Amino acid sequence: MEVNVETGNMVLTKAARETLDVLTVEAVTQPLTHSLQAYGSIVAPWDHHAVIASPLTGRIVDLKVSPGESVQADQVLAAMESPELEQLMLELRAAQVDLSLSIKLVDNISQASRSGAIPGVRLIATQSKLEQDRVAVELASAKWQALQLPPAMLDAILRTPDQNHRQLLELRSPISGVVTHADMSIGKIVDPKEHLFEILDLSSVWLKIQVLEKDLAGVAIGQSVELRLTADTSEVFKATVDVVDSFLDPDTHLGTVWATLSNPDGSRAKLLPGMSGSVRLDTASSGEPLVIPMQSVIRDGSERFVLVEQEQTDVASTYQKQPLVLGKRSGELVEVRGGDLYPGDRVVTRGSHELGSFFAKGVLKVGPESARDIGLQTQLASISTIAETIAIDGVVDVPPTHRSIASAQLGGAIHSILVDRGQTVSRGQVLAKITSQAFHNLQLDLLQANLNVSLKQSIVSNLRSASDVIAKRQLWETESQLNQFTSRRDIIVQQLRTAGITEQQVAELLATKKLILTLPVRAPIDGVIVGFDKFLGHVVRPDEPLFEVHDLSHAWVQGFISERDFPRVRIGQQVRMRFVTSPEEIILGTIARSGESISDDDRTLSVWIELQDMPAFQLQHNMLARISIETGATASGLSVPIQAVVHEGMRSYVFVQSEDETFERRFVVTGPSNDLQVGIVDGLKLGESIAIGGAMQLQSGYAALK
């Protein structure tokens, strides 16, 4: 064989090639995936999990399903007798009978009044009774509609009130799925607060993935996911990332990533809520980079190169040394980011290290390609002042003015959920709807008050037209009642507006007398959904937190200063912050406010830091940060950037560049330091060139030479 170290050229005879069993492969362009491991668990989607309760107290008289059975949406699950329903039907019949009688009386009295047979005041009283009976029928009908009872039965009761109608209260499934719980039996007495059935739709499930904070920056929507269940590791379930939550668990500091999996139709579900397993997240590089086998990469100190086959004949083969800039690695493949290597070039894999040893320099010297590969930067050692600093822990905190809780103003059960995990929402947007008896009663009170206002207005009008035959006191009393009913109506309207009903909806309610069946839960601010753990049918209390919404465009960092360092910190000081998610990026900020008290638990003072510029990554509530605060200055001296110093055990080293561009690892004695610089007491001279970028890679190269 012939080797020219200067030109990087090698000629290998056929016999030598066969003896070394040299093998070459082609450099190709293809997507390069990187993976990270995480823990995952199966949960039921919000709108695929429902519980059913009765709107009224009653007794079960018929059961249609049992646990384990499949049901369809709107299928009857059970029927029950309810005294409250029977009372409502009785009210409807009585109100309709009274209304029919009042209509007849008004007709008869109107004729007699025109002939002068009876006084006009009696006609006014009879007309008032007619309006009251009409109000009673309309209110009872509205109650029937609110309970979502059959409209045909309502029509039958109003059409033939003299007949004794019978109606059972039917409990229906809001979704299709499997009955997983049915806590009842025929004859059991139930009340509206009791969960009677639980339904799960397992056609699709959510995979909840817990990702370490340091790995979150590499996770994005659309990345592929592979799940292996603890119960059966032989089968792999594949999906893609749907949502990356904008919230970190305050205790574990794990971020949540979501994917959706499907159970096969017509067979037993393999993915059940509560199951867990290991998850592999694949993060693909953008585009299709040039990749080669890692086996082909030869290392000489900090340099990396490959042998490219130039020519192969029956007599000999020619190879050329080619330095490369390498990128990310995935399994046995590595990305090529720089160097004169192109798709289709063949690189030596088997036999590469035997042949590459002929080009080994035995010294720590970095070529142009390798310098770009390791991010090599050099700087002359100089005299500078090292600022005295203190380092504290911090956590990202979304200000209270930019995070909010969405809740229902009235108690009830969740009817529908209209948003997804991590969804961006606008202020006033409906997030969910609640079925609330208190909400229905408030609307009925409004209808009652409005009908009373209309009735009193009619009476006042009639009394004013008949002022010659009635006492003034009667008119004044009626006008006072009208004012009271009007005030009552206005108060109820304001209560409905506070509960989330718009002015247009109030107007439609008064015009049509049809109740709004569900109470909206609206977003208080613009932001992102970061918290929700309920499901369909879940009974919520008034003002119980349902959704948490964060406006992530505004965030500050809460720092914790020890009692000892408190005197050295003041409002307005600038700080440097490094986040766990992206430790290389330095974010500047200013201490804006202080808690002004020392915590009894950890003896620290809380300060809040406003960011001068937002980082390249998305901030999330509860992200961890390391904060450096300059508090003074030490004497000037020889110093180097902190990244120039590498450590091996208890000893510190820097890499000094010689005139021949080789690097020497030199032991140094360090002095004062902060998060930016390290003072050098001994081992380095002023003006010497040291590596400040790529020092860790030079350390690895030095170890390889040894």
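This briefing describes the fold, cores, salt bridges and selected residues of a single structure. The model is a predicted one, and its chain contains 10 helices and 47 strands. The radius of gyration is 39 Å, whereas a compact globule of 706 residues would have a value near 27 Å. Taken along the principal axes, the C-alpha atoms occupy a box of roughly 135 × 65 × 40 Å.

**Overall packing**

- Of the 706 residues in the chain, 46% count as buried.
- When contacts between residues at least 6 apart in sequence are considered, 73% of them join residues that are at least 24 apart.

**Nonpolar cores**

- The largest nonpolar core holds 73 residues, and the members that touch the most others are Trp-144, Phe-197, Leu-431, Ile-434, Leu-496, Val-521 and Phe-547.
- Helix α7, which spans residues 437–465, gives the most to this core, contributing seven residues.
- Phe-197, one of those highly connected members, is in contact with residues that include Ala-50, Val-51, Ile-52, Leu-63, Leu-77, Leu-171, His-181 and Met-184, once neighbours within four places in sequence are left aside.
- Another core, of 47 residues, lies apart from the largest one and has Leu-36, Ala-44, Ile-390 and Ile-392 among its members.
- As a general background to such groupings, nonpolar side chains in soluble globular proteins tend to be buried together.

**A four-stranded sheet**

- Four strands make up an open sheet with antiparallel pairing, arranged in the order β10-β9-β7-β12.
- Strands β10 (169–172) and β12 (189–190) stand at the edges with a single partner strand each, so one side of each has no neighbour in the sheet.
- Strand β7, covering residues 58–63, runs antiparallel to strand β9, covering residues 76–81, and four bridges join the two.
- Ile-60 stands opposite Met-80, a residue of β9.

**Salt bridges**

- The structure holds 35 salt bridges, and one of them pairs Asp-74 with Arg-172, whose closest N and O atoms are 3.9 Å apart.
- Asp-74 lies in the loop between β8 (70–71) and β9, while Arg-172 belongs to strand β10, so this pair ties together parts of the chain that are 98 residues apart in sequence.
- Arg-172 itself is partly exposed, with a relative accessible area of 37%.
- Asp-533 and Lys-534 form a further salt bridge, with their closest N and O atoms 2.9 Å apart; Asp-533 is exposed at a relative accessible area of 60%, whereas Lys-534 counts as buried at 10% relative accessibility.
- Arg-593 and Glu-610 meet through their side chains in a salt bridge with an N to O distance of 3.7 Å.
- This pair links distant parts of the chain, since Arg-593 is in strand β39 (residues 582–598) and Glu-610 is in strand β40 (residues 604–611), 17 residues apart.
- Both ends of that bridge are partly exposed, with a relative accessibility of 33% for Arg-593 and of 38% for Glu-610.
- Elsewhere, Glu-388, Arg-564, Asp-565 and Arg-568 are joined into one network by salt bridges that share partners.

**The surroundings of Arg-666**

- Arg-666 is found in strand β45, which covers residues 663–673.
- The side chain of Arg-666 makes a polar contact with the side chain of Glu-664 at 3.2 Å, and the side chain of Arg-666 also reaches the backbone oxygen of Gly-683 at 3.4 Å.
- Not counting residues up to four places away in sequence, Arg-666 touches Ser-652, Tyr-653, Val-654, Val-656, Gly-683, Leu-684 and Glu-688.

**Positive phi angles outside glycine**

- Asp-21 has a phi value near 55°, which is positive in a residue other than glycine.
- Asp-21 is located in the loop between α1 (14–20) and β3 (24–26), and at 41% relative accessibility Asp-21 counts as partly exposed.
- Lys-513 likewise is not a glycine, although its phi is positive at about 60°.
- Lys-513 lies in the loop between α9 (503–512) and β33 (519–522), and with a relative accessibility of 25% Lys-513 counts as partly exposed.

Definitions and conventions: Residues numbered from 1 in each chain as written. Predicted model: local features only at pLDDT ≥ 70, side-chain atom pairs only at ≥ 80, totals over all residues. Heavy atoms only, no water. Pairing = 2+ DSSP bridges. Polar contact = N/O pair within 3.5 Å; in protein donor to acceptor, adjacent residues only side chain to side chain. Contact = heavy atoms within 4.5 Å. Salt bridge = Lys/Arg side-chain N within 4 Å of Asp/Glu carboxyl O. Buried < 20%, exposed > 50% of the residue type's maximum accessible area, 1.4 Å probe, protein only. Core = buried A, V, L, I, M, F, W, Y, C linked by side-chain atoms within 4.5 Å. Rg over C-alpha atoms; globule rule 2.2 N^0.38 Å.
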